[in-house]
Amino acid sequence: MSVRTTGPSRSDLVADTALALLAERGMRGLTHRAVDEAAGLPQGSTSNLARTRQALLELAVRRLADREARVLALHEMPDPRAGTGSLADALALATHRALTRNRELTLARYELALEATRRPELRAYFDATGARFRDQLAALVTGMGSTDPARHTLSLIAWADGLMFSCMAGSFGAEVPSLEEVRAGLRELLDGMLGA
């Protein structure tokens, strides 16, 4: 295997490998040596890029944010004037992608989220990565006439996060709802909040 050795490519390789290890082995399975081995890099390569465990976790969180932005497809979010149906469609697609094609990435996010509860220094990185989506969603519900955008944004995110967790790690772990089922749930929630 030829190893890419220039800046961002090496960084992305290490971060992507760290995310894959988190999903596969959990936090205990994430070590500098394990990343080197799984990525096919010479021993010590990950340590040269991210000296400490904290640095490796921050690298993983930054990469997670970049990759989740593509999964969430922020550029596909509708204009608020398109109505709640369009928002439900866009959010359902993003949620379903996280449950299916990007399951590994979502599992890695859960591992990092739990670790951030124990590491205040990681919490800031983790929270900042979620702000991009949260702020855009708040602007959308505001544009749709929400009377309480902060509460409605929290409700939407909590609903989607709860669904994903339940279907990946919770009591519905063997079941993945269809895209239409996710869309129906979001439409009910949005209609109730925004009175559409």
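Here a visitor and a guide talk through a predicted model of a single chain.

Visitor: Let's start with the overall make-up. How many helices and strands does the chain have?
Guide: Happy to begin there. From the N terminus on, the elements run α-α-α-α-α-α-α-α-α. The count is therefore 9 helices and 0 strands.

Visitor: How does the radius of gyration of the chain compare with what the globule rule gives for 196 residues?
Guide: The C-alpha trace spans about 60 × 35 × 30 Å along its principal axes. For 196 residues the globule rule gives 16 Å, and the chain comes close to that, so it is as compact as a globular protein of that length. The radius of gyration itself is 18 Å.

Visitor: What share of the contacts with a separation of 6 or more joins residues 24 or more positions apart?
Guide: A word on burial beforehand: 44% of the 196 residues count as buried. As for the contacts with a separation of 6 or more, the share from residues 24 or more positions apart is 68%.

Visitor: Now to helix 4 and helix 5. Are they oblique or roughly parallel to each other?
Guide: Helix 4 covers residues 53-72 and helix 5 covers residues 84-99, and their axes come within 8 Å. The axes cross at roughly 125°. Angles from 65 to 115 degrees count as roughly perpendicular and those over 145 as roughly antiparallel. The two helices are therefore oblique.

Visitor: And how do the residues of that contact divide into nonpolar, polar and charged?
Guide: Helix 4 brings Arg 70, Val 71 and Leu 72, while helix 5 brings Ala 94, Arg 97 and Ala 98. Sorted by type, they come to 4 nonpolar, no polar and 2 charged.

Visitor: Which residues form the aromatic pair, and how far apart in sequence are the parts tied together?
Guide: The structure holds 1 aromatic pair, made by Tyr 110 and Phe 165. Their rings are edge-to-face, at 5.4 Å centre to centre with 75° between the planes. Tyr 110 lies in helix 6 (residues 103-116) and Phe 165 in helix 8 (residues 149-168), so the pair ties together parts whose separation in sequence is 55 residues.

Visitor: Is Tyr 110 buried or exposed?
Guide: Its partner Phe 165 has 41% relative accessibility and counts as partly exposed. Residues under 20% count as buried. Tyr 110, at 14% relative accessibility, is therefore buried.

Visitor: Helix 6 also holds Glu 115. Which residues does Glu 115 touch, not counting residues up to four places away in sequence?
Guide: Glu 115 has 11% relative accessibility, so it counts as buried. With residues up to four places away in sequence left out, Glu 115 touches Met 27, Leu 57 and Leu 122.

Visitor: Back in helix 8, what is the relative accessible area of Thr 153?
Guide: Thr 153 is found in helix 8. Not counting residues up to four places away in sequence, it touches Arg 134, Leu 137, Ala 138 and Val 141. Thr 153 is buried, and its relative accessible area is 4%.

Visitor: Last one: what separates the C-alpha atoms of Leu 194 and His 152?
Guide: Leu 194 sits in helix 9 (residues 179-194), and at 16% relative accessibility it counts as buried. Leaving aside neighbours within four places in sequence, Leu 194 is in contact with Thr 84, Val 141, Met 144, Ser 146 and His 152. Leu 194 and His 152 are 42 residues apart along the chain, and the separation of their C-alpha atoms is 8.7 Å.

Methods:
Residues are numbered from 1 along each chain as its sequence is written. This is a predicted model: local features need pLDDT of at least 70, side-chain atom pairs count only at pLDDT 80 or more; totals for chains, interfaces and linings use all residues. Side-chain values use heavy atoms; hydrogens and water are left out. Axes are lines fitted to C-alpha atoms, for helices over the stretch in contact, and angles run from 0 to 180 degrees between N-to-C directions. Helices (H or I, at least four residues) and strands (E, at least two) are DSSP runs, numbered from the N terminus. Angles under 35 degrees count as roughly parallel, over 145 as roughly antiparallel, 65 to 115 as roughly perpendicular and the rest as oblique. Contact means heavy atoms within 4.5 Å. Ala, Val, Leu, Ile, Met, Phe, Trp, Tyr, Cys and Pro count as nonpolar, Asp, Glu, Lys and Arg as charged, and the others, Gly among them, as polar. Rings of Phe, Tyr and Trp (its six-membered ring) pair if their centres lie within 6.5 Å; planes under 30 degrees apart count as stacked, over 60 as edge-to-face and the rest as tilted. Buried means under 20% relative accessible area, exposed over 50%, partly exposed in between (1.4 Å probe, protein chains only). The radius of gyration is taken over C-alpha atoms; the globule rule is 2.2 Å times the number of residues to the power 0.38.
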